[in-house]
There are 2 protein chains.
Amino acid sequence: MRREEILRATAHLIEEHGIALLRVADVAVELDVSPALVVYHFQTKDALIAEALTWAAQQDLDRLALATGGEGSSRDRLFAALAWYAPTGSERGWRLWIENWAAGLREPALRQVGRELDLVWKESLTEIIQAGVAEGDFVTADARGAAWRITALLDGLAVQAIVHRGVVGREQLTAWSMQAVAAELGLDASLLSPGTP
Amino acid sequence: MRREEILRATAHLIEEHGIALLRVADVAVELDVSPALVVYHFQTKDALIAEALTWAAQQDLDRLALATGGEGSSRDRLFAALAWYAPTGSERGWRLWIENWAAGLREPALRQVGRELDLVWKESLTEIIQAGVAEGDFVTADARGAAWRITALLDGLAVQAIVHRGVVGREQLTAWSMQAVAAELGLDASLLSPGTP
DNA sequence: CCAGTAACTGACTGATCAGTCAGTTATTCA
DNA sequence: TGAATAACTGACTGATCAGTCAGTTACTGG
């Protein structure tokens, strides 16, 4: 469907140049159609932006479900989830979501999109942690709190990794993430990579 | 000096409406001068924005120096620093710096402003931690790492506190911050408020 | 008190762009 | 097949705004 191609192109352009610099004409050029077509489908630029971010959030959630839905151990599912989320891995749409934080300060509709994605992520992480605790893999008295603290740390590290790229190395960021996760979940340092027996 | 009034007004408007919506005319209205005067002093809007953020960063650094420069114990200096930085306290220019993260993705000049502030903050925090370790108040093998991890956590919590205001309570955010700081620096939970013997 | 300079203004312009509109092409389905 | 509808276009317009410019007012030091 054409609408979806437009959303994908829009999300891509926002990722690349930011919400502020997005022009309807650029989206049209990207798809080799007329600007009027973009307006025909979305009426206003603001609606286009909102839908593009919603679409991107849905894409992210689909990939999260895929990453964490496997039948492996809690440890494996945890590492899959972290690999997806952490700014040191395949890097999902981090730039998009940092944009979204700023835009969300003024636009409740955009804020809501990011918030929902954020909450679903934390819920998934909490669920994995709880499963791990039940199976005896992890130790924590507060799965939800651990999920929030881990997420906050990863968000903060993401700012370093994405905005201040190069100030500190990827390995360092990964090490800090893993250290925090290990501390929260009572893992020992030797268990910091997936697949270890 | 007039330049500084303009910078203050600009920073204030960015804080309120974001960089994207800043108009030269609004800055002029704020000060009851003509738009041409603003251009006279700063030549371009981009230069104005860059200088306003630099000015705001300098203000922040001055306040940081004030907060941490006291002659108290390491513990007191640490708490003063955290009270200044953490999004649960007096809230400095958090909205401004979240804006800056997004803007910094595209504009190296703006990225640099935020980066410098960030690095000075971490340096101050590291210095306080090292002093505390020397005095036997704190225990950590890696003061710099601790400072980075604490900062990352606080940045992540700031996104929750400022962008997603209301999803989780202030007391909760404070508790998590303090818990993380205590864990990093080998404090016990009873030492989580300043002034405790 | 006056010359030189800094601060400031009002009126303007040129570029940019979201969104409109009247019409054309493609698709569907009865 | 043909009528109805959806997808699409080119040409346009109206609003917005950063930045210009030719001047005026205020300040400062000699």
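Helix axes here are lines fitted to C-alpha atoms over the stretch in contact, and angles run from 0 to 180 degrees between N-to-C directions. Helices themselves are DSSP runs (H or I, at least four residues), numbered from the N terminus.

This is a predicted model, in which local features need pLDDT of at least 70 and side-chain atom pairs count only at pLDDT 80 or more, while totals for chains, interfaces and linings use all residues. Residues are numbered from 1 along each chain as its sequence is written, chains are lettered from A in the order in which they are written, and side-chain values use heavy atoms, with hydrogens and water left out.

**Stop one: two helices of chain A**

Select α4(A), residues 45–68, and α5(A), residues 74–85; they pack at about 155°, with axes 8 Å apart. That makes the pair roughly antiparallel (the label for angles over 145 degrees). Now show side chains for the contact (heavy atoms within 4.5 Å): α4(A) brings A:Asp60, A:Arg63, A:Leu64, A:Ala67 and A:Thr68, and α5(A) brings A:Arg77, A:Ala80, A:Ala81 and A:Trp84. Colour them by class and you'll get five nonpolar, one polar and three charged. For these classes, Ala, Val, Leu, Ile, Met, Phe, Trp, Tyr, Cys and Pro are nonpolar, Asp, Glu, Lys and Arg are charged, and the others, Gly among them, are polar.

**Stop two: DNA strand D**

Next, pick out the residues near strand D (a heavy atom within 4 Å). There are 15, and the closest are A:Arg2, A:Ser34, B:Arg23, B:Thr44 and B:Lys45. Of the strand D atoms that come within 4 Å of the protein, sugar and phosphate make up 74%.

Zoom in on the phosphate oxygens for some polar contacts (here, N or O pairs within 3.5 Å). One such oxygen sits 2.9 Å from a polar backbone atom of A:Ser34, and the side chain of A:His41 has an N or O atom 3.2 Å from a phosphate oxygen. Over on chain B, a polar backbone atom of B:Val24 is 3.3 Å from one. Then highlight α3(A), which gives the most to this surface, with four residues.

**Stop three: DNA strand C**

Swap to strand C, where A:Arg23, A:Thr44, A:Lys45, B:Arg2 and B:Ser34 come nearest among 15 surrounding residues. Try B:Arg2: a polar side-chain atom lies 2.3 Å from a phosphate oxygen. For A:Lys45, look at the backbone instead, where an N or O atom is 2.5 Å from a phosphate oxygen. Finish on α3(B), which supplies the largest share of the surface near strand C, four residues.

Terms used:
A polar contact is a pair of N or O atoms within 3.5 Å; within protein, one must be able to donate a hydrogen and the other to accept it, and residues adjacent in sequence count only if both atoms are side-chain atoms. Angles under 35 degrees count as roughly parallel, over 145 as roughly antiparallel, 65 to 115 as roughly perpendicular and the rest as oblique.
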